[in-house]
Amino acid sequence: MVYSHEVENMCCVAKGPNHGPAPIPEEGKWVKAKEIKDISGLTHGIGWCAPQQGACKLTLNVKEGVIQECLVETIGCSGMTHSAAMASEILPGKTILEALNTDLVCDAINTAMRELFLQIVYGRTQSAFSEGGLMIGAGLEDLGKGLRSQVGTLYGTLAKGPRYLEMAEGYIKTIALDKDNQIIGYEFVHMGKFMDEIKKGTDANEALKKVTGTYGRFTAEQGAVKHIDPRHE
């Protein structure tokens, strides 16, 4: 250790009490974190790229400083999906400090890692007050049945109005309009369940019927006077 001349000539003054870091909540315990291995928790965060044309939702499950599980969801840029594939291989097994300083290929994923790092080391995790934390696999449960991201794709113009394309329930097949041409319901296809049926060998037409549902006031009895294809009408 090299000291400046001014510091070398200073007299010593006692430091006094040292209370250490403030405790943070981690998996049902209060922890005074001093090292990376003191950090545990599961949380989610959002990142964006420099031109802000794409975004990433990242979920990490950290146990004793090491990433045990990650879920990488991207939207808005085709290249991001390939970056996410690489990130899913890179992240597990790394400490959160290593991951923070590792090129995760995509700007948005790097930004998401930064935001998650801040949440985790400050004790702002989803599992902060869950005793023992969440098991490995909890991140995957976010996707629900069919293992597909919760995506909303909605489009609208002043000239022609709104178009619902994809909602939490799935791919929007038809939207229902009332007598004032306002949307009052829609028909959807749950794509995750649809693909599960196809993989089981179910006929495509039969599978489509099984996974098609409606939301809102979709039928004529409920006030719908017109049904349109939001992608072609």
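**Notebook: cores, cysteines, odd phi values**

Started with the packing. The largest nonpolar core has 25 residues, and Leu 58, Leu 60 and Leu 91 have the most contacts inside it. Next I looked up which elements feed this core: two or more residues each come from strands E4 (55-63) and E5 (66-75), and from helices H2 (78-90), H3 (96-100) and H4 (107-121). H4 gives the largest share, seven residues. Note to self: this is a predicted model.

**Leu 58**

I picked Leu 58 for a closer look, as one of the residues with the most contacts inside the largest core. What does Leu 58 touch, once its neighbours within four places in sequence are left aside? I find Leu 71, Val 72, Leu 91, Ile 109, Ala 112, Met 113 and Leu 116 on the list, along with Thr 43, His 44 and Gly 45.

**The other core**

There is also a second, separate core. I count six residues for it from the search, including Ile 172, Ile 175, Leu 177 and Phe 188.

**Cysteines**

How many disulfides does a search of the whole structure find? Zero. I wanted to know why, so I went through the sulfur distances, keeping in mind that a disulfide needs the two sulfur atoms within 2.5 Å. For Cys 56 the closest cysteine sulfur is in Cys 106, at 6.7 Å, which is too far for a bond. For Cys 106 the closest cysteine sulfur is in Cys 49, and at 6.4 Å that is also too far for a bond. I checked exposure as well. Cys 56 counts as buried, with a relative accessibility of 1%. Cys 106 counts as buried too, at 7%.

**Positive phi**

Last job: backbone angles. Gln 52 has a positive phi, near 60°, and is not a glycine. Where does Gln 52 lie? I placed it in the loop between strand E3 (41-48) and E4. Buried or exposed, I asked of Gln 52? Its relative accessibility is 64%, so Gln 52 counts as exposed.

Glu 64 went into the notebook next. Its phi is near 50°, again a positive value in a residue other than glycine. I found Glu 64 in the loop between E4 and E5. Glu 64 has a relative accessible area of 60%, and since exposed means over 50%, Glu 64 is exposed.

Terms used: Residues are numbered from 1 along each chain as its sequence is written. This is a predicted model: local features need pLDDT of at least 70, side-chain atom pairs count only at pLDDT 80 or more; totals for chains, interfaces and linings use all residues. Side-chain values use heavy atoms; hydrogens and water are left out. Buried means under 20% relative accessible area, exposed over 50%, partly exposed in between (1.4 Å probe, protein chains only). A nonpolar core is a set of buried Ala, Val, Leu, Ile, Met, Phe, Trp, Tyr and Cys residues joined through side-chain atoms within 4.5 Å. Helices (H or I, at least four residues) and strands (E, at least two) are DSSP runs, numbered from the N terminus. Contact means heavy atoms within 4.5 Å.
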